Amino acid sequence: MIGRVLVIAGSDSGGGAGIQADIKAITAMNAFAATAITALTAQNTVGVHGVFSVPPEFVVQQIRVVLSDIGADCIKLGMLATPAVIDAVADILASDAAGIPVVLDPVMVAKGGARLLEPAAQQTVMARLIPLATLVTPNAPEAEALTGATVHGLDGQRAAAAALRAAGAGAVLIKGGHLPGDQISDLLLSADGETVFEGPRLATRHTHGTGCTLASAIAAGIAQGLPLHRAVSRARDYVRDAIAAAPGFGAGHGPLDHAVWLSSGAS
Ligand code: PLP
């Protein structure tokens, strides 16, 4: 096992997204996952049925005790839910996690339509978290909400990525999965320039937790010292294979097969 990732995010009782997806993806990358849980969701493949928020002080306590003992080589931010949690996380990261790379998945709305971030918190994400992010990984609707740009294709992805870099993000990955078309293009913009990752769309409804999984797999790669470009391409390959092998659980958007890259288990 190489690389420690501290995940600051929400729990998905259904096991497909959130903290559960994060731990599985990081483990599948052969890295170590620690967690600070921001909210519990009562959730299955059909939707989010309830949210129980963790007080900001307790989120901070989880972060502080993990960093002061275990440490972290990368921090992954997922569902942060409220402006108060975002402010508290931004404060502790600035003081206790200076120098540790941060991957920010700006989670806003679940596939079933449930809000995972209060609308008022979008400004707080932009002001407090984007400047801390080594990499931010919005999908097209999240990129539009954060920047005001219209993201209908590569030109829009390019404009939104530039706006997020101008707002302080070190690198930006604007994912194309929510845009129409048989090909999916994810645009990465960093100090090294632009890369467009392309791949065919897989025809399936079992894509619950793809965003969480991708960001955590990238965070594991960064924790392991991979160059950003390689961490992103490995994570994309992993998510593609995990979607292709999805077990088909549940009546809605089902989970991925996070174990797809592990051995068959026969020993
Ligand atoms: N639930 C939690 C706790 C999450 O963090 C996320 C992440 O985006 C989701 C649900 C959404 O998953 P999806 O939109 O893939 O259904």
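Below is a short chat about a predicted model and the ligand it holds.

Q: Before anything else, what should I know about this model?
A: It is a predicted model, in which local features need pLDDT of at least 70, side-chain atom pairs count only at pLDDT 80 or more, and totals for chains, interfaces and linings use all residues. Residues are numbered from 1 along each chain as its sequence is written, and side-chain values use heavy atoms, with hydrogens and water left out.

Q: How many residues surround the ligand?
A: There are 14, and the closest are Gln-43, Lys-111, His-208, Gly-209 and Cys-212; a residue counts as near if one of its heavy atoms lies within 4 Å of the ligand.

Q: Which atom of Gly-209 approaches the ligand, backbone or side chain?
A: A backbone N or O atom of Gly-209 lies 2.6 Å from a ligand oxygen atom, whereas for Lys-111 an N or O atom in the side chain is 2.7 Å from an oxygen atom of the ligand. Gln-43 has a polar side-chain atom 2.9 Å from a ligand nitrogen atom; polar contacts are pairs of N or O atoms within 3.5 Å.

Q: What is the make-up of that shell?
A: The shell around the ligand has 6 nonpolar, 7 polar and 1 charged residues, where Ala, Val, Leu, Ile, Met, Phe, Trp, Tyr, Cys and Pro count as nonpolar, Asp, Glu, Lys and Arg as charged, and the others, Gly among them, as polar.

Q: Switching to the sheet, what is its strand order?
A: The open sheet of 9 strands runs 3-2-1-4-5-6-7-8-9 with mixed pairing, strands being DSSP runs of E with at least two residues, numbered from the N terminus, and pairing needing at least two DSSP bridges.

Key: A polar contact is a pair of N or O atoms within 3.5 Å; within protein, one must be able to donate a hydrogen and the other to accept it, and residues adjacent in sequence count only if both atoms are side-chain atoms. Helices (H or I, at least four residues) and strands (E, at least two) are DSSP runs, numbered from the N terminus.
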